[in-house]
Amino acid sequence: MSDQIQFIVEKLNQEPFRKNYNLITFDSLGSTQLLQLLSDVLGEIDPKHAVDIREELPEQTAKRMLSLLGILKYKPPGSVSDLSAFRQGLVTGSKPVIHPVLHWLLQRTNELKKRAYLARFLVKLEVPAEFLHDDTVADINKQYEELMEAFKNLHKECEQLKTSGLSTAEIRRDIDAMEEEKDQLVKRVERLKKRVETVQNHPRILEIARQLRVEKEREESLAQQKQEQKNQLFHAEQRLQRAQLQLKEMLHAVVDSKPESLMKKLEEEINFNTYLVTEKIPRELESKKNSTYILQKVAAEPAMSQSDLNVLESKINEVNAQMNQLIEKRMMKYEPADSKFSMYRQQASIMSRKKEAKAEQLQAAKEELSRVEKQMQQKTSQAQELEGSEVLKGDELKQYVNKLRSKSTFYKKKRLEVAEITAEYGILQRTEELLKQRHEAIQQQLQAIEDKKGISGYSYTQEELERVSAVKSEMDEMKGRTLDNMSEMVKKLNSMVAEKKASLAPVIRELRQLRQKCQELTQECDEKKIQYNSCAAGLESNRSALEQEVKGLLEECVQEESNYHYINCMKRNLEIQLQRAKEEMKAYVSPDPQERRKAIREQYTRMILEQENLGKKLREKQKVVRENHGPNMKQIKMWQDFEQLMECKRECFLKQQNQTAIGQVIQEGGKDRLVL
């Protein structure tokens, strides 16, 4: 069971959950938290189940989880009666039910993700038989089953292609490249065949070239074997040096070491690591999260001007001033009763700050020590690679400096000789170029003579044969030397290995004894560690129980305090209302008419009388309007008819004037014609 919980905690602390649990905090989770954790794991497998269980009923949560577990083919242990207990435990969030489910889900998350994805398309919808008699429903159901089968086949083909690791584009590119290389090689072989066919004895020359190629390949394989043996020798020497360094370190550590000191050191390291894990790192993580949240919030806000920044600074200053005033008031209020506690709190805060500072210094010192040790190892390995021995000190360093001085003088002499040889090399290179030019001219003349005589290519073939024979003789000599060198090297390696084994034999015996001691101490340390873990687990469980109890009491205290304030406010409201009622009664009973007028009852009475008078006047006005409505409407109708009559008369008058004007014009025109 402990292995199961350990596996669950490790998986939950990894991606994508990142819960940051340990065995104690996970064991102290309540039923609601366990159900939410199970819902989160199911949501990771199927995103539709990533919900907050506080927003749904417990029956809905259990039904949803049971349906998904059925799709994932989870089999609860036990018989049918145990199945009912399993459902009940899933509803109530029982640990013996939730823990095996979490262990089963986290063991095969990727497989279950795939199964949940397939379930979205392969879980068949059950259609009642009476609906299948309808032709339309039957056709749609048949299409649905055919699509489901097609999806199965396509998914299988997709999985096969994924597992095959082949890509059609890559295969096509490889085929095209190989075909191009093939064409180039065919063309090259044809050109070489045409060139070789003109040479005499070309079969023998080809055989010699083949043998030369075989010998070159053999030479390359031998050189590769030689390099591999050198690398093996170098690695063996490095392993030997590391073993010697480890042996020295272990001997140095064991010289003055005792079980008590080792246990004390281990306890100090455990205490330091426990402090880092339980206090320092969570606090730093929380501060980083807060700063990240603040920065994200600031980044999400729009850009601010200097005036906005000034306003914010002024607000911050005001809030800080208010906080300081409240702190001073609180200190003045609670100082007499909590003087001793405040002193202890100050001492505790000072000690915690000192503890944090020392922990940071220790952590920095450890990092600096590890960095310096790494640098020392690097420098030591570099020195050993350059010189082949350890770092020199004292007289050995002086001797080494004198040796370097003598080598520097020798180096200067050799450098002068190299300069002379370089100058001579330049002259020889120029001479070689001149000779090459002369050789090319002679070769051209010889080629012309061979063309005239009809034996073209004879000199070239003869030179090739001589060159091949010379190369073969050189290769034979080189192979002989290589084999001799390799045999000597193998002998040296065997002798060196035997010497190293003989020198390491006593060291290995001592190392075995030290290993045995180390195993005993490790076993004892494991036993102590188990005791410590059990004790720490008990204390942690007690602490968590006390924390929960304190939390409940604090919540109860806050609730009672809120109730007290609410009742106090209601009491004050009732007192104010009672005071107003007394004042009203006093003013109403008072014989003074001025006081009576101030009473609310008198004021409302006056307002009621005023409104009644106003209503009476309005009703009388409404009555007069209703009585005069008929005659007024008749008068309005008469005025409208009169207006239409006058308008008609005006139009008639205007028409008459226009006709008289036209008649006068016609008469004047007739008179003019008579005069003419």
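**Close-ups of helix α3 and its neighbours**

**View 1. Helices α3 and α6 cross with a left-handed turn.** Left-handed here says that the near helix is turned anticlockwise from the far one by less than a right angle. This is a predicted model, in which local features need pLDDT of at least 70, side-chain atom pairs count only at pLDDT 80 or more, and totals for chains, interfaces and linings use all residues. Residues are numbered from 1 along each chain as its sequence is written, and side-chain values use heavy atoms, with hydrogens and water left out. The axes of α3 (residues 31–45) and α6 (residues 95–107) come within 11 Å and cross at roughly 20°. That makes the two helices roughly parallel (angles under 35 degrees).

**View 2. Side chains where α3 meets α6.** Look for L34, L35, L37, L38, V41, L42 and I45 on α3, in contact (heavy atoms within 4.5 Å) with K95, I98, H99, V101, L102, L105 and L106 on α6. These residues divide into twelve nonpolar, one polar and one charged.

**View 3. Helix α4 (residues 58–71) also packs its axis within 11 Å of that of α3.** Here the axes cross at roughly 40°, so α3 is oblique to α4 (35 to 65 or 115 to 145 degrees). This crossing, too, is left-handed. From α3 come L35, L38, S39 and L42, and from α4 come R64, M65, L68 and L69.

**View 4. Buried residues of α3.** Under 20% relative accessible area counts as buried (1.4 Å probe, protein chains only), and L34, L35, Q36, L37, L38, S39, V41, L42, G43 and I45 qualify.

Note on methods:
Axes fitted to C-alpha atoms, helices over the stretch in contact; angles between N-to-C directions. Helix = DSSP H or I, 4+ residues; strand = E, 2+ residues; numbered from the N terminus. Nonpolar A, V, L, I, M, F, W, Y, C, P; charged D, E, K, R; others polar. Buried < 20%, exposed > 50% of the residue type's maximum accessible area, 1.4 Å probe, protein only.
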